[in-house]
Amino acid sequence: MKLKLPIHNASRLGWDIARESAASILTYELYPLGLVSRSLPTFPALPRKISTPKRPILFIHGIFHNRSTFAWLKQKLYTKGFRHFKEVDLMTSIRPIPHLAEQIAREARLLLKKHEVSEIDIVAHSMGGVIARYFVQLLGGDGIVRNLITLGTPHQGTEWSRYSILPHLRELKPQSRTLELLNQSGPPKQTRAIAISGELDIVIRPKDCMWWNGVRNIHLSHVGHAGLLFSKRVLDIVLSHLNEEDPL
């Protein structure tokens, strides 16, 4: 029995790493999809009665990605009755976070007007979570955004960004001016925020930089930075927050 446990753990870790590698490859294989379409396509779903109107969802991608980041998650949400989505393409490698947050603020207000609603939801991945926080905490988005769900976001920065040759990416180093400004402003008062992270995430270092102080943090085992975008557990958490009638 003593031998079986280490063997089982090693086998599980090997499978987790293989799955995470496949997720990383898939995110970049999907990249061209975000270039050829202004909105990610969804496949028809079975007829579903929607009991209450669903708020529009704004997706915000991270560094070196585009709208295709959320292809799987958008399709799954579509099958659950959500119909109004907006995915943005951001120039994350050459624009500073405050500038990108202003773009998100404009997109959010356009969604409010287009769908004649008073609130939207945001799902953001990686650096996209920091951009969303900037909008919510510093640009008047608190209350406009009902739910802010971040996936694999370096809320306290990541040491890897110190070595970037791109100056704007160094905004993500721990204790950068941008991150200090966000953390000193306190968590949102009206927006319900949640930070989801993965144990196998090698993008965010050290691991405690995944934590967003003052909001609910969920740390998942057996999944990493890209795997969060294709995780059934993440989908369940997202749905429980977006569906107010089925709270987490």
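Rings of Phe, Tyr and Trp (its six-membered ring) are taken as a pair if their centres lie within 6.5 Å, with planes under 30 degrees apart counted as stacked, over 60 as edge-to-face and the rest as tilted. On that basis, a search of the whole structure turns up 3 aromatic pairs. The structure is a predicted model, so local features need pLDDT of at least 70 and side-chain atom pairs count only at pLDDT 80 or more, while totals for chains, interfaces and linings use all residues. Residues are numbered from 1 along each chain as its sequence is written, and side-chain values use heavy atoms, with hydrogens and water left out.

One of the pairs is Phe 59 with Phe 85: the ring centres are 6.0 Å apart and the planes meet at 10 degrees, so this one is stacked. It ties together distant parts of the chain, with Phe 59 in strand E1 (residues 57-60) and Phe 85 in strand E2 (residues 85-87), 26 residues apart. Helices (H or I, at least four residues) and strands (E, at least two) are DSSP runs, numbered from the N terminus. Both Phe 59 and Phe 85 are buried, meaning under 20% relative accessible area, against over 50% for exposed and partly exposed in between (1.4 Å probe, protein chains only). Phe 70 joins Phe 59 and Phe 85 in one aromatic cluster.

As for the sheet, it is open and has 6 strands in the order E2-E1-E3-E4-E5-E6, with parallel pairing; two strands pair if DSSP finds at least two bridges between them. E2 and E6 are the edge strands, each pairing on one side only. From one strand to the next, the twist averages 15 degrees. E3 and E4 run parallel and are joined by 6 bridges, and Ile 122 stands opposite Leu 148 in E4. Helix H5 (residues 127-138) packs on the sheet, where it touches E1, E3 and E4, and its direction makes about 145 degrees with that of E3. Here axes are lines fitted to C-alpha atoms, for helices over the stretch in contact (heavy atoms within 4.5 Å), and angles run from 0 to 180 degrees between N-to-C directions.

Then there is helix H7 (residues 232-242): 8 of its 11 residues are buried, so it is largely enclosed by the rest of the structure. Among the buried residues of H7 are Val 234, Leu 235 and His 241. Their cover includes E1, helix H3 (71-79), strand E3 (120-125), strand E4 (145-151), strand E5 (192-198) and strand E6 (216-220).
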